[in-house]
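Reader: I'd like to talk through the ligand site and the pockets here. Can you show me the model?

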Amino acid sequence: MKVVILKDAAEVAKYGADIFIKQIKRKPDSVLGLATGSTPVALYKELISAYQSGRVSFKNVSSFNLDEYLGLTGTHPQSYRYFMSQQLFDHIDIEKSQTAVPPGDAEDPFSACEQYEHNIKQKGGIDIQLLGIGRNGHIGFNEPSSSLMSRTRVKTLTRATIDDNARFFGPDEYQPHLSITMGIGTILESKKVVLLATGANKAEAIKATVEGPLTAACPASALQMHEHVVLVIDEAAASQLADVDFYKHIEMENQKLLERLGRD
Ligand code: F6R
């Protein structure tokens, strides 16, 4: 697992965005896996400004989002489809028809999940998947106890996740307690994974992800099995790791090696 520890959330966003920009430059028709939540917002801002300054184009890119609330239409301000339009899609040149978010208003959510998996395969799989992480170690809406081989499916949210996300809903507003989410198995099939975490409230989950056992109790620990995963985290999120200096040393050595070989 590659662990990159940076000073703060701004550096995390820049570093993460650069990985995506390089990916799109290498493969202009990249299939991106995208996430919502607070953490990726700063990264999306970096991507928007890279697009506006002509550093990158999303014209041939397609995307699949990790998850969506079940019971909300894409025009609902709390839906993840709406979030993606506001935070990214409306500000770049991506073809909206090439952006997929699980349909929260599907009449038959079970077949919608199968269709989502099918659509990802049809595109040739996800080239690079962006992830945040919940305080309980969830990725997507794969809450603790999720099968490590799970596919896109309907998931019940834990009380902790409902409480964490309550801040986005008004006091009298209906807050869904079900979701459609890519499974851990789906996520593990993407060719690369970039997980972002910032702030001390993620420190425990990051410790369990990097140094804990591989366990469904911390769904993100399944990433230990992935060949190309990078965790981009700030000092606060790294604060419970046993050997921060060692991870920093590895990253320095990696950078030196890449420079010597003229690679990025
Ligand atoms: C969002 C998602 C979630 C979030 C996680 C962290 O699509 O899949 O797993 O990444 O809940 O959310 P924030 O970034 O708001 O702390």
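Author: What follows is a short chat about the ligand and the two pockets. This is a predicted model, where local features need pLDDT of at least 70, side-chain atom pairs count only at pLDDT 80 or more, and totals for chains, interfaces and linings use all residues. Residues are numbered from 1 along each chain as its sequence is written, and side-chain values use heavy atoms, with hydrogens and water left out.

Reader: What makes a residue count as being around the ligand, and which come nearest?

Author: A residue is near a molecule if one of its heavy atoms lies within 4 Å of it. The ligand has 14 such residues, and Thr39, Asp67, His138, Gly140 and Lys202 come nearest.

Reader: Why is the pair between Lys202 and the ligand called a polar contact?

Author: A polar contact is a pair of N or O atoms within 3.5 Å. A polar side-chain atom of Lys202 is 2.6 Å from a ligand oxygen, so the pair qualifies. Asp67 passes too, because its polar side-chain atom lies 2.7 Å from an oxygen of the ligand. For Thr36, an N or O atom in the side chain is 2.8 Å from a ligand oxygen, so that one also fits. On its own the ligand has 400 Å² of accessible area (Shrake-Rupley method, 1.4 Å probe), and the protein covers 92% of it.

Reader: What makes the ligand's space a pocket?

Author: On a 1 Å grid over the protein atoms alone, a pocket is an open set of points where a 1.4 Å probe fits, with protein on both sides within 12 Å along at least five of seven lines; lining residues have an atom within 4 Å of a point. The space taken by the ligand is the second largest pocket, with about 570 Å³ of space (the volume filled by probe spheres set on the points). Its lining has 29 residues, and Thr36, Gly37, Ser38, Tyr80 and Asn165 are closest to the centre.

Reader: Which helix gives the most to that lining?

Author: Helix 5, with three residues.

Reader: How much space is in the largest pocket, and what lines it?

Author: About 670 Å³. Its lining has 21 residues, with Lys2, Tyr15, Ile19, Leu258 and Asp264 nearest the centre.

Terms used
A polar contact is a pair of N or O atoms within 3.5 Å; within protein, one must be able to donate a hydrogen and the other to accept it, and residues adjacent in sequence count only if both atoms are side-chain atoms. A molecule sits in a cavity or pocket if more than half of its atoms lie within 2 Å of its grid points. Helices (H or I, at least four residues) and strands (E, at least two) are DSSP runs, numbered from the N terminus.
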